[in-house]
Amino acid sequence: MRLFRRRPKLPADRRPALDPEERVLDWSPAGSGDDVVVLTNRGLWLPGRSGRLPWHEIHKAVWSGRELTVTPAEVLRVHDEYAVVADRPAESYLLLDPGDVPHQVRTRVTGSVAHTVHHPLPGGGVRIVARRVGGVDGLSWAVRYDPGTAYDDEEIRAATVELVERFQRESTPSDL
């Protein structure tokens with residue numbers, strides 16, 4: 001009797017067009033079984049999407065025991081110091097044979113977050129996040145404003161720049 005069941009290799013006709021440095025780590029049949037969720041070192045290949053969703057662009061991933069729900073981030077604006085992001089609608093996928101996919105997704109998403117901190121601002125607040133981006137040196141900085149925070153306001157923007165710069169200084173090891 002086998003204690004461990006090994007998942008069969010991802011069928012070639014289900015394999016997405018990977019980058020040269022990208023490799024499949026795990027996969028699961030999804031939905032009716034004709035679709036697949038493919039997990040790579042660079043991100044998730046999800047049914048209905050034309051490309052990979054990189055780990056650093058996933059705000060949240062939740063496993064219900066049957067469904068994997070992913071909340072992607074959308075870049076609203078790019079400033080010199082950071083990008084302003086917001087949540088896109090959550091996407092749910094029924095995983096028919098999840099194996100280690102849910103655990104690996106959680107590990108990869110949380111592993112992409114190097115630093116995070118929340119600060120109050122007039123009318124709300126802002127979460128500052130430094131994330132690791134696969135294949136890129138250094139950190140990518142983003143801010144996510146609380147609902148109701150007027151992120152277009154010049155005072156809010158100036159306060160955000162100051163907070164991001166301070167957080168970047170505090171997050172950089174002094175021995176570099």
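Colleague: Which element gives the largest share of the lining of the second largest pocket?

Modeller: Helix H1 does, with 3 residues. Bear in mind that this is a predicted model. H1 and strand S4 (52-54) each supply at least two residues of that lining.

Colleague: How much space lies in the second largest pocket, and which residues line it?

Modeller: The space comes to about 210 Å³. Among the lining residues are Arg 52 and Pro 54, together with Arg 108, Gly 111 and Ser 112. His 56 and Arg 132 also belong to this lining.

Colleague: How many residues of each class are in that lining?

Modeller: The count is 5 polar, 4 charged and 3 nonpolar residues.

Colleague: Now the largest pocket. What is its volume, and which residues lie nearest its centre?

Modeller: Its volume is about 490 Å³. The lining holds 23 residues, and those nearest the centre are His 56, Ile 58, His 59, Val 129 and Arg 131. His 56 was named above as well, in the lining of the second largest pocket.

Colleague: Which elements each supply at least two residues of the lining of the largest pocket?

Modeller: One helix and several strands are on that list: H1 (101-112), S5 (58-63), S6 (67-78), S7 (83-87), S9 (113-121), S10 (124-132) and S11 (139-145). S11 gives the most, with 5 residues. By class, the lining of the largest pocket has 12 nonpolar, 6 charged and 5 polar residues.

Colleague: Those names need a map. How many helices and strands does the protein have, and in what order do they run?

Modeller: There are 11 strands and 2 helices. Read from the N terminus, the order is β-β-β-β-β-β-β-β-α-β-β-β-α.

Colleague: How do I read burial for one residue, say Thr 71? Is Thr 71 buried or exposed?

Modeller: Look at the relative accessible area; under 20% a residue counts as buried. Thr 71 has 9%, so Thr 71 is buried. This residue lies in strand S6. Leaving out residues up to four places away in sequence, Thr 71 touches Glu 57, Ile 58, His 59, Lys 60, Asp 87, Arg 88 and Ala 90.

Colleague: What share of the residues in the protein is buried?

Modeller: Of 176 residues, 38% are buried. The accessible surface of the protein is about 10700 Å², and carbon and sulfur atoms account for 49% of that surface.

Colleague: How many aromatic pairs are there?

Modeller: The count comes to 2 aromatic pairs. Trp 141 and Phe 167 form an edge-to-face pair, 5.6 Å centre to centre and with 90° between the planes. Trp 141 sits in strand S11 and Phe 167 in helix H2 (residues 154-171), so this pair ties together parts that are 26 residues apart in sequence. Both Trp 141 and Phe 167 are buried.

Colleague: Is the pair of Tyr 145 and Tyr 151 stacked or edge-to-face?

Modeller: Stacked: the centres are 5.5 Å apart, with 15° between the planes. Tyr 145 counts as buried because its relative accessibility is 12%. Tyr 151, at 30% relative accessible area, is partly exposed.

Colleague: Last, the overall dimensions. What box do the C-alpha atoms fill?

Modeller: Along the principal axes, the C-alpha atoms fill a box of roughly 65 × 40 × 30 Å. As for contacts with a separation of 6 or more, 43% join residues 24 or more positions apart.

Technical notes
Residues are numbered from 1 along each chain as its sequence is written. This is a predicted model: local features need pLDDT of at least 70, side-chain atom pairs count only at pLDDT 80 or more; totals for chains, interfaces and linings use all residues. Side-chain values use heavy atoms; hydrogens and water are left out. On a 1 Å grid over the protein atoms alone, a cavity is a set of points where a 1.4 Å probe fits but cannot get out, and a pocket is an open set with protein on both sides within 12 Å along at least five of seven lines; lining residues have an atom within 4 Å of a point. Grid points are joined across faces, edges and corners, and a volume is the space filled by probe spheres set on the points. Helices (H or I, at least four residues) and strands (E, at least two) are DSSP runs, numbered from the N terminus. Ala, Val, Leu, Ile, Met, Phe, Trp, Tyr, Cys and Pro count as nonpolar, Asp, Glu, Lys and Arg as charged, and the others, Gly among them, as polar. Buried means under 20% relative accessible area, exposed over 50%, partly exposed in between (1.4 Å probe, protein chains only). Contact means heavy atoms within 4.5 Å. Accessible areas come from the Shrake-Rupley method with a 1.4 Å probe; for residues, only the protein chains shown count as cover. Rings of Phe, Tyr and Trp (its six-membered ring) pair if their centres lie within 6.5 Å; planes under 30 degrees apart count as stacked, over 60 as edge-to-face and the rest as tilted.
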